[in-house]
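Let's take a walk along two helices and see which way their residues face. Have the model open as you read.

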Amino acid sequence: MDGLIRRTVQRHLPWSVHVDLTYRCNERCIHCYLDHEDHGEMKTQEIKDVLEQLALAGTLFLTFSGGEIFLRADLFELLEFARSQHFDISLKTNALLIDVERARKLRELSVRKIQISIYSAEPEVHDAITKVRGSLERTLAAIRFLQAEGLQVKIACPLMKQNLTAYRNVQALAAELGVPYVLDMTITPKMDGDMSLLQLRSSTKELLPILEDASLNPRACSPDSLETEMISTGSATSSGIESQAYEDIPCSAGHNSCYISPYGDVFPCVQMPVATGNLRKQTFEDIWFRSEEMNRVRAVRESQLPVCSKCSIRQYCERCPGLAQMEGGDLLGAYERACELAEVNARIAGVANPVSAMHAQRLKQENVRSIPLPMAAPEIRIGSN
């Protein structure tokens, strides 16, 4: 797989594309970063045209997400067309609108994987986050419909203050259902730059029991455990594919993957608000290969990052360039959350007094400011009375 991924990176083949079909949703999750109003979604034929362009460009893995994709009346028409283009199709949905018949259709269309968010195995916690009473019960019913059709389901559990202690019961629920499980500690700002959602984010101190649990956070235990695959604690929005082929580049964004909004805007990643073009005005090929912004993102190298490349605990960090842009204002910069988590992970792994490069730089500046200036010598005048 590494060899294949390496070739897609070297040739800039967009083999994995995430398409949000709509931002409309039948839930109102308290941590959602989207604007749920419809400001002019692409029509059916527009999306088909985009899918044809993606197939010609070499895309293999296609993810349909939202918003809630089942609010699109043309969803199955789009899925059928996507299959005709030979994509490997995954879906992200809250599953509230999946019934027996829709589960059967998904199986007939050979959808490979359906990712569904569950915030707690306790209805009062889950439903308080989605703001839809009975949503957990409906989602669990849908999972069983999908399993009855032999479809692969994956549970994602985004973690925040409101469900901080729920990860264990969701993990147990996933085990009971026999499905894989991803614990997602990523709460992001809104796409318009509003930072208010970060108030929902659990502090590193609150996350400590999770970060200290080897079954949940194997990367933090020792360098030898970096290859261990257990419960993922990455982002549920990411591809989930790790490879040595990404050595010295921050991630797959802009190299072999990208994100397309319901309005035709193309971004390197759903978590990287760097607009590179619009498919209502340009072809995908033109945006992917010739956009100045896309090529700027593509040119970034880890070894050239002004702060992070000098960090002694870089191996314990999961810096996201998109979040660096949103939270720190600099695609190339460090940002507080990543540095805090890296220090905690390094400390758990046995590193004595770990300090990130950004924090070391800040301490140095504070120490310089705290050094008292020497007192001025008294003025001495010679030859005067």
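One definition before we start: a residue counts as exposed when its relative accessible area is over 50%, and as buried when that value is under 20%. Also keep in mind that this is a predicted model.

Start with helix H1, residues 2-11. Which residues of H1 are buried? They are Ile5, Thr8 and Val9. These three cover an arc of only 100° around the axis, so they sit on the same side of H1. Now spin the helix around: on the face of H1 turned away from its buried side you'll find Gln10 and Arg11, which are exposed. Just after H1 comes histidine 12, with a positive phi of about 55°.

Next, jump to helix H6, residues 135-148. A quick sanity check on its geometry: with 14 residues at 1.5 Å a residue, H6 should span 20 Å, and its end C-alpha atoms are indeed 20 Å apart, so the two agree. The buried residues here are Ser135, Leu136, Thr139, Leu140, Ala142, Ile143 and Leu146. Because they cover an arc of only 160° around the axis, they lie on the same side of H6.

So what covers those buried residues of H6? The cover includes three helices, H4 (100-108), H5 (123-130) and H7 (167-177), along with strands E4 (113-117) and E5 (152-158). Flip to the other side of H6 and you meet Glu137 and Ala148, both exposed. Finally, just after H6, glycine 150 takes a positive phi of about 80°.

Key. Residues are numbered from 1 along each chain as its sequence is written. This is a predicted model: local features need pLDDT of at least 70, side-chain atom pairs count only at pLDDT 80 or more; totals for chains, interfaces and linings use all residues. Side-chain values use heavy atoms; hydrogens and water are left out. Buried means under 20% relative accessible area, exposed over 50%, partly exposed in between (1.4 Å probe, protein chains only). Helices (H or I, at least four residues) and strands (E, at least two) are DSSP runs, numbered from the N terminus. The arc is that of the directions from the helix axis to the C-beta atoms. The expected span of a helix is 1.5 Å times one less than its number of residues. Contact means heavy atoms within 4.5 Å.
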